[in-house]
2 protein chains.
Amino acid sequence: MIDEISLKILNILQEKARIPNVEVARQVGMAPSAVLERIRKLEKQGIIDGYEVRLNPERFARGFVAFIFVKAGETPGEIPVGEMLARIPEVQEVHFVAGEDAYLVKIRVADAGELGNIIREKIAQVDGVLSTRTATVLTTFKETARIPIGEARET
Amino acid sequence: MIDEISLKILNILQEKARIPNVEVARQVGMAPSAVLERIRKLEKQGIIDGYEVRLNPERFARGFVAFIFVKAGETPGEIPVGEMLARIPEVQEVHFVAGEDAYLVKIRVADAGELGNIIREKIAQVDGVLSTRTATVLTTFKETARIPIGEARET
DNA sequence: GTTGAAAATATACAGAC
DNA sequence: GTCTGTATATTTTCAAC
């Protein structure tokens, strides 16, 4: 479904998404129009989901990362706790994890103080939340949304 | 350090990073050249870190997410466990978290089987790794690297 | 920051494979 | 169906203000 050339194009875009089309064409050795057509098709097929700018969190007072396990006892018929948590702007990720009826929440804030405020004022207030357990991050070694492609694992 | 106009530009780019410059200029009501100059400056200042294409993980057999707590007893003088974990391609995030001498690892794989393989063959093999505890994700409610800007929180 | 013109790039399209 | 090559439209770049 995805051939070698498209994989190469995707790899180039993963490296540097704002690269001009002609440059991509040069790197894969094809005419720009052909590359453009492929990219448009990858977008329409939903293989390319979109393009994002990556901002430096430190520069926006968002350098402090924490993961919070949120235990919830859902009440049927209401908005799921996960959706309520997702609406908090500082929250970047909300996953429901197996095994303990809990959500795992990734959050980015300025410092420990702000973290405490949000847990108390926003997370604990969500209907159905029973308890939270927080793990604050001291050092980040890797943080990317990139997925390795090229080993012919396409579906 | 960042004024209203640059914030607006960043918000537009966060919405849709591959938008043409002239379109950004239209939206902020300035000349394209001025917008370009601002963007270049934001890039040089490291406020804009880069641009990324967002690929659909499902289409690359990477729809299964898990978080793994990796307990480690570091041996001084060697490569930190966190760095070794970061080198595993399927691993998207590695954080050292406070309180339990443990790393929190986010990983994307095809399925539970592949997860088991990687834990056994790659993670458990890293020098200094003592034990792992895995939480597999059943549902993801939110997953973004976007940080809310605009509330004048800039540093 | 703006304008305006030159250069580069993106897009659409016709024809070859 | 995908590629190349060409034309046309749009955007980027850069100098002058």
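Begin by selecting Val22(A) together with DNA strand C, where a polar backbone atom of Val22(A) lies 2.8 Å from a phosphate oxygen of the strand. Keep in mind throughout the tour that this is a predicted model. Next, add the side chain of Arg40(A), which has an N or O atom 2.8 Å from a phosphate oxygen of DNA strand C. Then move to chain B and pick Ser33(B), whose polar side-chain atom is 3.4 Å from a base oxygen of DNA strand C. If you colour by secondary structure, you can see which elements give two or more residues to the surface near this strand: α2 (21–28) and α3 (32–44) of chain A, together with α3 (32–44) of chain B.

Now widen the selection to the surroundings of DNA strand C, which include Pro20(A), Asn21(A), Ser33(A) and Leu36(A) from chain A, and Met30(B), Ala31(B), Ala34(B) and Arg38(B) from chain B. Of the atoms of DNA strand C that come within 4 Å of the protein, 82% belong to sugar and phosphate. Sorted by class, the residues of this surface are six nonpolar, three polar and two charged.

Stay with Arg40(A) for a moment and show Glu43(A) as well, since the side chains of these two residues meet in a salt bridge with an N to O distance of 3.3 Å. Both residues lie in helix α3 of chain A, three residues apart, which is about one turn of the helix. Arg40(A) counts as partly exposed at 44% relative accessibility, and Glu43(A) also counts as partly exposed, at 26%.

For another salt bridge, select Arg62(A) and Glu90(A), whose side chains meet at 3.6 Å, N to O. Arg62(A) sits in the loop between β1 (48–55) and β2 (64–72) of chain A, while Glu90(A) sits in the loop between α4 (81–86) and β3 (91–97) of chain A, so the pair ties together parts that are 28 residues apart in sequence. Both of these residues are buried.

Continue to Glu143(A) and Arg108(A), which form a salt bridge with their closest N and O atoms 3.0 Å apart. Here too distant parts of the chain are linked, as Glu143(A) is in strand β5 and Arg108(A) in strand β4 of chain A, 35 residues apart. Arg108(A) is buried, with a relative accessible area of 7%, whereas Glu143(A) is partly exposed at 35%. Then display Glu93(A), Lys106(B), Arg108(B) and Glu143(B), which are joined into one network by salt bridges that share partners. Over all chains, the structure holds 20 salt bridges.

The last part of the tour turns to aromatic rings, which form six pairs over all chains. Select Tyr103(A) and Phe141(B): the ring centres are 5.6 Å apart and the planes stand at 65 degrees, so the pair is edge-to-face. Tyr103(A) belongs to strand β4 (residues 102–109) of chain A and Phe141(B) to strand β5 (residues 129–143) of chain B, so the pair joins two chains. Tyr103(A) is buried, at 3% relative accessible area, while Phe141(B) counts as partly exposed at 27%. Add Phe96(A) to the view, and you have a cluster of Phe96(A), Tyr103(A) and Phe141(B) linked by ring pairs.

Finish with Arg18(A), whose charged end sits over the ring of Tyr51(B), 5.2 Å from the ring centre, and then with Arg18(B), whose charged end sits over the ring of Tyr51(A), 5.1 Å from its centre.

How values were computed:
Residues numbered from 1 in each chain as written. Chains lettered and ligands numbered in written order. Predicted model: local features only at pLDDT ≥ 70, side-chain atom pairs only at ≥ 80, totals over all residues. Heavy atoms only, no water. Near = heavy atom within 4 Å. Polar contact = N/O pair within 3.5 Å; in protein donor to acceptor, adjacent residues only side chain to side chain. Helix = DSSP H or I, 4+ residues; strand = E, 2+ residues; numbered from the N terminus. Nonpolar A, V, L, I, M, F, W, Y, C, P; charged D, E, K, R; others polar. Phe/Tyr/Trp six-rings, centres within 6.5 Å; stacked < 30°, edge-to-face > 60°. Buried < 20%, exposed > 50% of the residue type's maximum accessible area, 1.4 Å probe, protein only. Lys NZ or Arg CZ within 6 Å of the ring centre and 35° of its normal. Salt bridge = Lys/Arg side-chain N within 4 Å of Asp/Glu carboxyl O.
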